[in-house]
Amino acid sequence: MNVPRLVIAAPSSGSGKTTVATGLMAAFAGRGLAVSAHKVGPDYIDPGYHTLATGRPGRNLDAYMCGPELVAPLFAHGARGCDLAVVEGVMGLYDGASGQGELASTAQVAKLLRAPVVLVVDASSQSRSVAALVHGFASWDPQVRIGGVILNKVGSQRHEVLLREALDESGVPVLGVLRRAEQVAVPSRHLGLVPVAERRGDAVGAVAAMRRQVVAGCDLEALMALARSAPALPGEVWDAVEAVGAGGAVPLPAPSHNRASGPQAPDGLKDALSHRAGQGVPEGPNVVAVAAGAAFTFSYAEHTELLAAAGAEVVPFDPLRDEALPEGTRGLVIGGGFPEVYASELSANAALRKAVVELVESGAPVAAECAGLLYLARSLDGLPMCGVLGAEARMSERLTLGYREAVAVSDSVLAAPGTRVRGHEFHRTVLEPGAGAEPAWGLHQPERRVEGFVQQGVHASYLHTHWASAPGMARRFVERCKG
């Protein structure tokens, strides 16, 4: 596969990676190019802005959760047929999973993709020192090719001249200079940026501002030439149908059911449905309802593709608006998001809460992650939720964040006991109790504990997982839907 590609990285968080990456995506898409957008790590929010910029599903590349061996195949799947791929990094260029070297770092992903790196530097408080900073990053790992630098938050023309003079000595070309601009700022909350689904009009305006800033300040021709310098990427292209057929987990290394007006499924789902039909997978009324809308925005595009490849008809719905589950629902997937922000609206939709309870009581499979776990609890910040789980949830000042190694403790609709996966926790809520009589997972870092609930057909947990690393979970879930 030979798709031109760039990795947008930075010395640290807060340097402007999202502004530059999203602006570049929008700028090249505005030129009529098909742009594939990717994000290093488990972040769900940035890909929403990438989707606005490109009109294609934003996808994640996570070497911890999926394993390094899946990074290039998943990239190739998302970038298939595109003219350019832009990969936004995570944290600082060389920052990865805590205590595990380069694993899951932007640098590792760049090497796996054989992609040139553009370093975004916050130059607001430096001049000649920028050359030492860039030289250090460029020389740290000879296998990481830093092909250029974009200077962000430059204060004046004089400031720009000083920076360019210093970087002339570094040998790393300046590919862009961006001045300080408040209009591109995106509001943040306790878990990062506010998702697109909550501020779509403002988000569209922010992406347009990023595009204008990048077009005005960056050498797009030089950036495209750098992207085209990436060599052909060998190896397989990930395929949902083939993955579901293989089915196993990767071993750990040493919003409306009215389909015309409701939330739409990812574009990549169409490819999975088409491929499924082409492979002779039997069709049927096997509806899996997937929670969407502003309260449930955290989902990886590959999840719905895997469900479709396994034989499900994936139908999104919005728990904030819809008073019934999609017609013919045989299974329910409720991913992550911000239910605490919409707790009163979710609680007020008593008709849908009742429908969820009835589905659970029928024995249908239900998979809930993080926000979905809270929605199934008895209450959230004192407001009634579905009451499927005998637990109370509340907001907390403490942030629970990090990668996790996990083993399935109980037999469930997602996994047999002993199934090993890697996942990610990211929340500011507390659930009491944190585990049911039959827990979902046993976690092994940073401390050993059990968490989550398995009861009837429900699997509910704080742990976010990426099903591309364990496609058997999607296959098992759909098989349980068929009864």
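R59 counts as buried in this predicted model, with a relative accessibility of 7%. Its salt-bridge partner is E305, and the two side chains meet at 2.7 Å, N to O. How accessible is E305? At 1% relative accessibility, E305 also falls under the 20% limit and therefore counts as buried. Side chains of opposite charge can pair when their charged atoms come close.

A second pair can be followed between E392 and R378, whose side chains form a salt bridge at 2.8 Å, N to O. This contact links distant parts of the chain, 14 residues apart. E392 belongs to strand 16 (residues 392-408), whereas R378 sits in the loop between helix 14 (371-376) and strand 14 (379-380). As for accessibility, E392 is partly exposed at 31%, and R378 is likewise partly exposed, with a relative accessible area of 44%.

A third salt bridge joins the side chains of D411 and R476, again at 2.8 Å, N to O. Which parts of the chain does this pair tie together? D411 lies in the loop between strand 16 and strand 17 (420-432), and R476 lies in helix 15 (residues 472-481), so the bridge connects parts that are 65 residues apart in sequence. D411 has a relative accessible area of 42% and is partly exposed.

Salt bridges can also share partners here, as they do where K39, D46 and E88 are joined into one network. Altogether, the count for the model comes to 19 salt bridges, among them the R59 and E305 pair with which this account began.

Conventions
Residues are numbered from 1 along each chain as its sequence is written. This is a predicted model: local features need pLDDT of at least 70, side-chain atom pairs count only at pLDDT 80 or more; totals for chains, interfaces and linings use all residues. Side-chain values use heavy atoms; hydrogens and water are left out. A salt bridge is a side-chain nitrogen of Lys or Arg within 4 Å of a carboxyl oxygen of Asp or Glu. Buried means under 20% relative accessible area, exposed over 50%, partly exposed in between (1.4 Å probe, protein chains only). Helices (H or I, at least four residues) and strands (E, at least two) are DSSP runs, numbered from the N terminus.
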